[in-house]
Amino acid sequence: MPYSNGNINHMEHWNIQMGWLQLLLETDPDGAERLSELLENQGAASVTLQDAGDEPLYEPPPDTTPLWGATRVVALFSDDIDIDRLLRELEAAFAPQPLPPRRIEPLAEQDWSRAWMDRFRPTRFGRRLWIVPSWHEPPEPEAVNVLLDPGIAFGTGTHPTTRLCLEWLDGHVTPGMRVIDYGCGSGILAVAAARLGAAQVWAVDTDPQAVAATRDNATRNGVGDRIEATLPEAVFNGCADLLVANILANPLIALAPKLSGLVCPGGVVALSGILPEQADAVANAYAPAFDLAAPVVQDGWVRVSGIRKPDPVTL
């Protein structure tokens, strides 16, 4: 998802039963982007970007990846790495700027893959939709099951904004619909819509990694032929019966004219990634084009939804 609601984590599959070292560096957004790439090139098992200054991250501009003013870069390495050599190579690559303040912490040996997998269990959303980690058997084989591997994607259904959208999709997708998932991330919403019966789904994201993850998840779930994952520049002809956008309030407001125009008259929209104090501003941006329902709040996040009004009659 291009407009992140939490820590940004680039993770590879971790080996098991080995010791680990954490390298933590305190920097600014530009430094964080550079360091992330350098650390991944140095073989980091994971690179996570965290808020280092308790700074809310609510209003990034559209088509950007937001970072905090004070960002902590956390890289995980096997404990057999030559840490002195690693730091020398980082210093050389980061020059002419000095390497930011840093510290190294050992981590206790444990089965990281198992610890990661144990966090994710099958979950039902609405009446018939299940999100099932790929290593689990579906609890209800006859239900609508979406298989997802959280280790390769950005969205897993655990965040309240995603839950709000999944529950809404369960009640609104009907067979044959044309659907747009704007800000698709892992493609969890796009895949859910296709599994619920949508005939064609356009999954849009600014991040090429998200587009690739969506294609992978669509193929894994047997709906790759019905999901077209694209960057926003791709031309979309016509309008959709349903649009879902799980991003953040400011991008939703900025994109209101564009997203409203992508929904056919009589079609439906669901918007999430919204804080309660932002709900009125988002609703006001979409009210000219939609008859809006009362906002739905879950765990401090809001979903705004509605039905597209008929286009004005021109004489």
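User: Why is Cys-264 called buried in this model?

Analyst: In this predicted model, Cys-264 has a relative accessibility of 13%, and because the class of buried residues takes in values under 20%, Cys-264 counts as buried.

User: What makes Cys-239 partly exposed?

Analyst: The relative accessible area of Cys-239 is 22%, and since partly exposed covers the range between under 20% and over 50%, Cys-239 is placed in that class.

User: How do you know that a disulfide joins Cys-239 to Cys-264?

Analyst: The two sulfur atoms of Cys-239 and Cys-264 are 1.9 Å apart, and a pair of cysteine sulfur atoms within 2.5 Å is taken as a disulfide, so the pair qualifies. The structure holds one disulfide, and the link of Cys-239 and Cys-264 is right-handed, with 100 degrees about the S-S bond.

User: Which parts does the pair of Cys-239 and Cys-264 tie together?

Analyst: Cys-239 lies in the loop between strand S11 (227–230) and strand S12 (240–246), while Cys-264 is in strand S13 (residues 263–274), so the link ties together parts that are 25 residues apart in sequence.

User: Why are H4 and H5 called roughly parallel?

Analyst: The axes of helix H4 (residues 160–172) and helix H5 (residues 188–195) cross at roughly 15 degrees and come within 10 Å; because angles under 35 degrees count as roughly parallel, that is the term for H4 and H5. The crossing of these two helices, H4 and H5, is right-handed.

User: Which residues of H4 and H5 meet, and how many are nonpolar?

Analyst: From H4 come Thr-162, Cys-165, Leu-166 and Leu-169, and from H5 come Ile-188, Leu-189 and Ala-192. By class, this contact of H4 with H5 has six nonpolar residues, one polar residue and no charged residues. Cys-165 in H4 is itself buried, with a relative accessible area of 0%, which falls under the 20% cut-off.

User: What makes H5 largely enclosed by the rest of the structure?

Analyst: Seven of the eight residues of H5 are buried, so the helix is described as largely enclosed. The buried residues in H5 are Ile-188, Leu-189, Ala-190, Val-191, Ala-192, Ala-193 and Ala-194. After H5 comes Gly-197, with a positive phi near 125 degrees.

User: Why is H1 called oblique to H2?

Analyst: The axes of helix H1 (residues 29–41) and helix H2 (residues 83–94) come within 11 Å and cross at roughly 130 degrees. Roughly perpendicular runs from 65 to 115 degrees and roughly antiparallel begins over 145, so the angle belongs to neither class and H1 is oblique to H2. The crossing of H1 and H2 is right-handed.

User: What are the classes of the residues where H1 meets H2?

Analyst: Gly-31, Arg-34, Leu-35, Leu-38 and Leu-39 in H1 meet Leu-90, Ala-93 and Phe-94 in H2, and these residues divide into six nonpolar, one polar and one charged. Because Arg belongs to the charged class and Gly to the polar one, Arg-34 is the charged residue and Gly-31 the polar residue of this contact.

User: How do you know whether Pro-208 is buried or exposed?

Analyst: Pro-208, which has its place in helix H6 (residues 208–220), has a relative accessibility of 55%, and because exposed means over 50%, Pro-208 counts as exposed. Pro-208 is 23 residues from Leu-231 in sequence, and the two are 7.2 Å apart in space, C-alpha to C-alpha.

Methods: Residues numbered from 1 in each chain as written. Predicted model: local features only at pLDDT ≥ 70, side-chain atom pairs only at ≥ 80, totals over all residues. Heavy atoms only, no water. Helix = DSSP H or I, 4+ residues; strand = E, 2+ residues; numbered from the N terminus. Buried < 20%, exposed > 50% of the residue type's maximum accessible area, 1.4 Å probe, protein only. Axes fitted to C-alpha atoms, helices over the stretch in contact; angles between N-to-C directions. Left-handed = near helix turned anticlockwise from the far one by under 90°. Contact = heavy atoms within 4.5 Å.
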